[in-house]
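Let's take a walk through this model together, one region at a time. Have the sequence and the 3D view open beside you.

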Amino acid sequence: MNFTILVGAGLLGYFITLTDFPLQSANFLNMADVSSYVVYVLILVRYLMLGMVTNIIPTIMLTLPILFPTVVGFRFEPMWFGVIMVIMIEMGQITPPAGINMSAATIYRGIIAVVIVEVIVIFSLTLLPDVVLWLPNSMDVLAHLD
């Protein structure tokens, strides 16, 4: 079943890319004179909600081909965005009421502290993106790829 979802997500991503929809939506948002952080918060909320009802790999495969041109168009660092995206989807998977990794009300009460800490982490990584990019930027291997 998971393999079928991955194949379907891959095919859908390929066809969405062929339609040029991602570039058109990125251009629309750039021309709409919307703040980049408004779009960023909307993307975060969407990933949180998607994480509540789907697994991480299909979510990434379905949404990244659509959102990546928008992220790059608003000049967000792609590697930083990838870290933020994974954290938000994982936070959605433990967030009530529909968190797919949760099963009992007592666990929901215990997870509140984790969600609060993850919100603080997302806020910190938004203000200090160099924390995410420090290790990749310090590697000599990546310097030769430019």
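Before looking at the make-up of a pocket lining, it helps to fix the classes: Ala, Val, Leu, Ile, Met, Phe, Trp, Tyr, Cys and Pro count as nonpolar, Asp, Glu, Lys and Arg as charged, and the others, Gly among them, as polar. Please also keep in mind that this is a predicted model.

With those classes in hand, turn to the largest pocket. Its volume is about 380 Å³, and 14 residues line it. If you want to find its centre on screen, look for L29, L42, I43, R46 and L67, the lining residues that lie nearest to that point. Which elements give two or more residues to the lining of this pocket? They are α2 (21-31), α3 and α4. Of the elements, α3 gives the most, with 5 residues. Sorted by class, the lining of the largest pocket has 10 nonpolar, 3 polar and 1 charged residues.

Helix α3 is a good place to stay for a moment, as it also takes part in the aromatic contacts. A pair of aromatic rings is described by the distance of the centres and the angle of the planes. The structure holds 6 aromatic pairs. One of them is formed by Y40 and F76; this pair is tilted, at 5.5 Å centre to centre with 40° between the planes. Y40 sits in helix α3 (residues 36-53), while F76 is in the loop between α4 (56-73) and α5 (78-94), so the pair ties together parts that are 36 residues apart in sequence. Are these two residues buried or exposed? Both Y40 and F76 are buried.

Y40 has another aromatic partner to show you. With W80 it forms a stacked pair, 5.4 Å centre to centre and with 20° between the planes. Here Y40 again belongs to helix α3 and W80 to helix α5, so this pair ties together parts that are 40 residues apart in sequence. W80 is buried, as is Y40. Add Y37 to the picture, and you have one aromatic cluster made of Y37, Y40, F76 and W80.

For a last stop, move along the chain to I111, which is found in helix α6 (residues 105-127). Is I111 buried or exposed? I111 counts as buried because its relative accessible area is 13%, and the cut-off for buried is under 20%. From I111 you can also look across to I94: the two are 17 residues apart in sequence, and their C-alpha atoms are 7.3 Å apart in space.

Technical notes: Residues are numbered from 1 along each chain as its sequence is written. This is a predicted model: local features need pLDDT of at least 70, side-chain atom pairs count only at pLDDT 80 or more; totals for chains, interfaces and linings use all residues. Side-chain values use heavy atoms; hydrogens and water are left out. Helices (H or I, at least four residues) and strands (E, at least two) are DSSP runs, numbered from the N terminus. Buried means under 20% relative accessible area, exposed over 50%, partly exposed in between (1.4 Å probe, protein chains only). Rings of Phe, Tyr and Trp (its six-membered ring) pair if their centres lie within 6.5 Å; planes under 30 degrees apart count as stacked, over 60 as edge-to-face and the rest as tilted. On a 1 Å grid over the protein atoms alone, a cavity is a set of points where a 1.4 Å probe fits but cannot get out, and a pocket is an open set with protein on both sides within 12 Å along at least five of seven lines; lining residues have an atom within 4 Å of a point. Grid points are joined across faces, edges and corners, and a volume is the space filled by probe spheres set on the points.
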